[in-house]
Amino acid sequence: MAAEYALDHMYYWIYILAIILSFFMAWGIGANDVANSFGTSVGSGAITLKQAVVIAWVFEFSGAFFMGGRVADTMKGGIVDPKIFLIPDGKFDKDGAALLMWGMFIAIAVAGVWIALATFYGMPISTTHSIIGSFIGFSMVAKGANSVFWYKEDPKSDLKVGGFAAIVVSWVLTPLIAGMASVILFTFTKIVILRPQNSERRTLIAMPIYYGLTAFIITFFIVYKGSARLKLSDIGNVKATWIAIVVAVGVASLAALIGIPLAKKRLANLEDRKQRKAEQKARDKALIAKVAGDGAKERDEEKGGQGSKTPASRVDDGARPSMTAWQRVKAWYLLVESKTISHDLEFTEHTLDLHSRAEMFDERSEELFSFLQVLTACAAAFAHGSNDTANAIGPLSAVQNIYQGDAVKFDAKKGKLTLPKLEVESWQLAMGGFALGLGFAVWGWRMVRNLGGAVTKMTPSRGFTAELCAAMTVVVASRFGMPISTTQTLVGATVGVGASDDWRNVDWWLFGQFVISWVVTILFAGFGTAAVFAFTIFSPSVQV
């Protein structure tokens, strides 16, 4: 801690509340962003919502804790330069630091509220754009519109576009690239693998290839992004490519030697597993109905007891089915589970009509693609946890470092004050990873329903294609420094898969709502943060 740049102890409460709000924001990211990643897997039936929650909790936490960035920029996105707050004229500005700390606190709060609202209404948004919009809002109030980089040359990008303009470009660029990739790959998959009479055999042959391709893309993304903890930060493109190739060959070999025999065994028991799953679901529903019925009876008995001398409970005691204590505990757990991690994905008549137009393929071939979706789901969760946790934890780390005086450092070589990378503590990454999983467990079903079937029909082959093309788009865009949003990329890939059959297979009205929500994200976060920040900063105060 640099005491000379630290803020007064009276600001300590802001840091404490920032921890709570960061947890809330990470919870919202889990409910929205993480759920988007699993929407296609759950909607296709490759995995259940409950299984998705377990995968998300394990791999999101692992990605956040083991691969999450150990350092972060003071303000993410390069939209606002924190120097105008901390060292505007080359000297440390204590009042400016306090203003920046308060602005970051408001940004976390408003972005968290917007993410929660968007999730409640089932709108897949960019959580990165939410926090960046909040940064723009309070910076404009504090330092004026010129404090924001609306457009700037970005030498790291092949498009040479940076600042706010890069975000606008991403609204069009990322869904378009992912959508086109999905149309091409799924059309190829349909013609070569799924439509022929021997589609099951062709799928078995293609499985190792698809496994290897998926492993290559995900490995390259993780290695290219780098991890200070695993000492991957300085690995160049060539080494990253070779590492990805080695991993891909290894995964493809394992898929051929182990994966295919297991897949054949799974296909042999397909009908039995479907029957057992249906019977178990029926038993669980019966148990839930039983305990719910008992609760309704008890309420009726209480009312009956108030209006008569002979309570209804004495009359119906013999007729009420008996339940053991364990059955009641299990029933109440299943009741909670049915409202969260096992929530039914109910669709409207309009959506079911869209589904009826989709081309259907051999059930056994589709079952084989579910193996691939499990791999992509695990890998996507790990990669997401390693990167997007920073949306909630980055601002918290900034608040902590500003308060402790570590956001400013004197560089003896340069002979001036500089802004170093901020240290992100392990407990913050762990908290973020845990909150991501919790948010998905509680509210994830709201987002899964939309990307898991509301936009277009989802099957294992379609879901795998969408996830793979979204991952490819993210990797290519990251490699060339292009602006990217994982959520918008996945939406574009999902729409592309649906449109590859027939453009009428896509709910374009719902897709239009998604696009509007992307624009509204920046506006709500920006204006909301600006309003709250201005109200708290410029309101008259009276000293007592």
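Let's start with one residue, Asp353, which is partly exposed with a relative accessible area of 38%. Keep in mind that what you are looking at is a predicted model. The side chain of Asp353 meets that of Arg357 in a salt bridge, at 3.0 Å from N to O. Both residues sit in helix α12, four residues apart, about one turn of the helix. Arg357 is partly exposed too, with a relative accessible area of 38%.

Now step back and take in the whole chain. The secondary structure comes to 18 helices and four strands. Of the 544 residues in the chain, 51% are buried. The chain exposes about 25100 Å², and carbon and sulfur atoms supply 64% of that. How do the contacts run along the sequence? Take the contacts between residues at least 6 apart: 83% of them join residues at least 24 apart.

Back to the charged pairs. The structure holds seven salt bridges, and the one inside α12 is a handy example to set beside another. Glu359 forms a salt bridge with Arg195, and their closest N and O atoms are 2.9 Å apart. This pair links distant parts of the chain: Glu359 is in the loop between α12 (349-357) and α13 (363-388), while Arg195 is in the loop between α6 (164-194) and α7, 164 residues apart. Glu359 counts as partly exposed at 25% relative accessibility, and Arg195 also counts as partly exposed, at 45%.

Next, have a look at Asp501 and Arg462, whose side chains meet in a salt bridge at 2.5 Å, N to O. Asp501 lies in helix α17 (residues 486-501) and Arg462 in helix α16 (residues 460-479), so the pair ties together parts that are 39 residues apart in sequence. Is Arg462 buried or exposed? At 1% relative accessibility, Arg462 counts as buried. Asp501, on the other hand, is partly exposed, with a relative accessible area of 23%. These two don't stand alone: Lys190, Arg462 and Asp501 are linked in a network of salt bridges.

On to the rings. There are 26 aromatic pairs in the structure. One of them is formed by Phe216 and Phe220, which are stacked, with 6.3 Å from centre to centre and 20 degrees between the planes. Why does this count as stacked? The cut-off for stacking is under 30 degrees between the planes. Where do the two sit relative to each other? They are four residues apart in helix α7 (residues 199-225), so Phe216 and Phe220 are separated by about one helical turn. Their surroundings differ in cover: Phe216 is partly exposed, with a relative accessible area of 26%, whereas Phe220 is buried, with 9%.

Rings can also gather in groups. Phe24, Trp27, Phe120, Tyr121 and Trp443 form one aromatic cluster. Trp443 has a charged residue over its face as well: Arg446 lies there, at 5.0 Å from the ring centre. Elsewhere, Lys143 lies over the face of Phe85, at 5.6 Å from the ring centre.

Two members of that cluster, Phe120 and Tyr121, turn up again at the surface. Together with Val113, Leu117, Ile516, Val520 and Phe524, they make a nonpolar surface patch of about 630 Å². Helices α4 (94-120) and α18 (508-538) each supply at least two residues of the patch. Ile516, one of the patch residues, is found in α18 and counts as exposed at 55% relative accessibility.

Ser517 is found in α18 as well, but it counts as buried, at 5% relative accessibility. What does Ser517 touch, leaving aside its neighbours within four places in sequence? Its contacts there are Trp114, Met123, Pro124 and Ile125.

One last stop is Phe59, in helix α2 (residues 49-66). Phe59 counts as partly exposed, at 29% relative accessibility. Setting aside its neighbours within four places in sequence, Phe59 is in contact with Cys378, Ala381 and Phe382. Phe59 and Ala380 are 321 residues apart in sequence, and 8.6 Å apart in space, C-alpha to C-alpha.

Methods. Residues numbered from 1 in each chain as written. Predicted model: local features only at pLDDT ≥ 70, side-chain atom pairs only at ≥ 80, totals over all residues. Heavy atoms only, no water. Phe/Tyr/Trp six-rings, centres within 6.5 Å; stacked < 30°, edge-to-face > 60°. Buried < 20%, exposed > 50% of the residue type's maximum accessible area, 1.4 Å probe, protein only. Lys NZ or Arg CZ within 6 Å of the ring centre and 35° of its normal. Contact = heavy atoms within 4.5 Å. Patch = residues over 30% accessible without salt bridge, like charges linked within 9 Å, V, L, I, M, F, W, Y side chains within 5 Å. Areas by Shrake-Rupley, 256 points an atom, 1.4 Å probe, with all protein chains shown as cover. Salt bridge = Lys/Arg side-chain N within 4 Å of Asp/Glu carboxyl O.
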